[in-house]
Structures are given as structure tokens and as C-alpha cells.
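Here are some exercises to work through with the coordinates open beside you. Try each task on your own, then compare your steps with the solution.

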Amino acid sequence: MKFKLVPEPPATLDFVADAQRAVPLVPGSEDDCCARLIRRLDFESRDVARTWLTFLRAVELADETDDGSFVRRRTDPTEAHLRDAFHRRVYGASDVVALLDDDPKTVAEVFERFEDRVPVWEHHRAAENWRDVWTERVGRLLDWAVLLGFAVRRDSGYVRAHE
């Protein structure tokens, strides 16, 4: 399964470990987990906390149980783990990285090349303009790609990192 929700990336990967620690080891409801994330990490809203909770599931640092509760995984959020899980389990992450090369590309340019990968049903789902929603999502994917070492910001755009 791939997850679409991607929070704004933090300044460092250490924040991901802090977010993971805010998820309980004993299963808790979504409301309880979001409240813990808000309280411990000073998130501005429940939506931000819910996005982080979803992202933590995507990068295999939290799980949703059969009864809809959430629980922290006992997985270390190392850079290698996060890179692998991000690439495999976040919708569009591998595609966005693959669209980069040595010529700097803006978010708009990457979105233009990614646009045909947006599921058709998403075109009708968002109350806002779906292109705006997905352009923002591509921008977040690019910023996470930078944080995780897949990409580099250069000039006014993004280029593929040489690994």
C-alpha cells in the first residue's frame, strides 16, 4: 500500500524520531494519538497531526491496528530506513525522484511531468483545484527528497543527488 499524505518536512530527520516517540506503544485512538502529537510537538492543528500520523505509517514507524487504533513500531527511524520506506511506500516519491536529472527543475516543472500519474478520481475529490493540491504535494515530496538525500536544491530548482 502507498500513502499520499506528506507533511511539510522538518529541518532535520531527528524530528521524525520525536514524532514517532509521540505515538503510544499501547494502541490509542486516532484522536488520542493526534492529541499527543499536538501536545508533544506543538502542531498547529489536528489535520497536521493526522497527516504526520499517516506519514509515520507510510514510513513504517507506526501501525494502524484492526480496530482502528494506532501504535508505535519499535523500528529505529534511521536515514537508511526512512529513505527506503519513503521511496517504496509514499505515493509519487519514487516517480518524483525519477523525474529529476542534472538540470534544475522547479516544483511546477516537476508537477507538469508528474501530472499524468495523479489518479483520475483525485481530479474530482478535492474541493479545491486538484492541480493546486497536487502541486503542493509534489513540492513536499521534493523537499522530503532533499532531506533524505535523493535530491539537492540548486539555483531555483531541484536536481537529482548523485549517490
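**Exercise 1. The start and course of a helix**

Which side-chain oxygen reaches to within 2.7 Å of the backbone nitrogen of R131 at the start of α8?

Solution. A reminder before you begin: this is a predicted model.

Step 1. Go to the start of α8 and look around the backbone nitrogen of R131; the oxygen you want belongs to the side chain of N129, within 2.7 Å.

Step 2. Now follow the helix along. α8 covers residues 130–147, 18 residues in total, and its first and last C-alpha atoms are 26 Å apart. At 1.5 Å a residue the expected value is also 26 Å, so the span is close to expectation.

Step 3. Sort the residues by burial. The buried set consists of W130, V133, W134, R137, V138, G139, L141, L142, D143, W144 and A145. For reading such a list, recall that an α-helix has 3.6 residues a turn, so residues three or four places apart point the same way.

Step 4. Look past the end of the helix: α8 is followed by G149, which has a positive phi near 85 degrees.

**Exercise 2. A hairpin and its turn**

Describe how β3 and β4 are paired, and find the residue with positive phi in their hairpin.

Solution. Step 1. Strand β3 takes in residues 151–154 and strand β4 residues 157–160; the two run antiparallel and are joined by four bridges.

Step 2. Pick a pair to orient yourself: V152 stands opposite V159 in β4.

Step 3. Turn to the connection. Two residues lie between the strands, and D155 has a positive phi near 55 degrees. D155 is not a glycine, and its relative accessible area of 74% makes it exposed.

Step 4. Finish with R154, which sits in strand β3. R154 is partly exposed, at 37% relative accessibility. Setting aside neighbours within four places in sequence, R154 is in contact with D102, P104 and V159.

**Exercise 3. Two cysteines**

Why do C33 and C34 form no disulfide with each other?

Solution. Step 1. Start with the whole structure: a search for disulfides returns zero. For C33, the nearest cysteine sulfur is that of C34, 7.1 Å away.

Step 2. Compare that distance with the cut-off. A disulfide needs two cysteine sulfur atoms within 2.5 Å, so at 7.1 Å the sulfurs of C34 and C33 are too far apart for a bond.

Step 3. Check burial too. C33 counts as buried at 1% relative accessibility, and C34 is likewise buried at 1%.

**Exercise 4. Salt bridges across the chain**

How many salt bridges does a search of the whole structure find? Then locate the partners of D31, D95 and D143.

Solution. Step 1. The search gives 15 salt bridges. As background, side chains of opposite charge can pair when their charged atoms come close.

Step 2. D31 pairs with R46, with 2.5 Å between the closest N and O atoms. This pair links helix α2 (residues 30–41), home of D31, to helix α3 (residues 46–58), home of R46; the partners are 15 residues apart. Both ends are partly exposed: D31 at 49% relative accessibility and R46 at 32%.

Step 3. D95 meets R117 at 3.8 Å, N to O. D95 is in helix α5 (residues 93–98), while R117 is in the loop between α6 and α7, 22 residues apart from D95. D95 is partly exposed at 28%, and R117 is partly exposed at 32%.

Step 4. D143 and R153 form a salt bridge at 2.7 Å, N to O. Because D143 lies in helix α8 and R153 in strand β3, the pair ties together parts 10 residues apart in sequence.

**Exercise 5. A network member with positive phi**

Which residues are linked with E60 in a network of salt bridges?

Solution. Step 1. The partners in the network are D84, R88 and R89.

Step 2. Place E60 in the fold: it is found in the loop between α3 and β1.

Step 3. Check the backbone and the surroundings. E60 has a positive phi, near 60 degrees, and is not a glycine; at a relative accessible area of 14%, E60 is buried.

Definitions and conventions: Residues are numbered from 1 along each chain as its sequence is written. This is a predicted model: local features need pLDDT of at least 70, side-chain atom pairs count only at pLDDT 80 or more; totals for chains, interfaces and linings use all residues. Side-chain values use heavy atoms; hydrogens and water are left out. Buried means under 20% relative accessible area, exposed over 50%, partly exposed in between (1.4 Å probe, protein chains only). Two strands pair if DSSP finds at least two bridges between them. A polar contact is a pair of N or O atoms within 3.5 Å; within protein, one must be able to donate a hydrogen and the other to accept it, and residues adjacent in sequence count only if both atoms are side-chain atoms. A salt bridge is a side-chain nitrogen of Lys or Arg within 4 Å of a carboxyl oxygen of Asp or Glu. Contact means heavy atoms within 4.5 Å.
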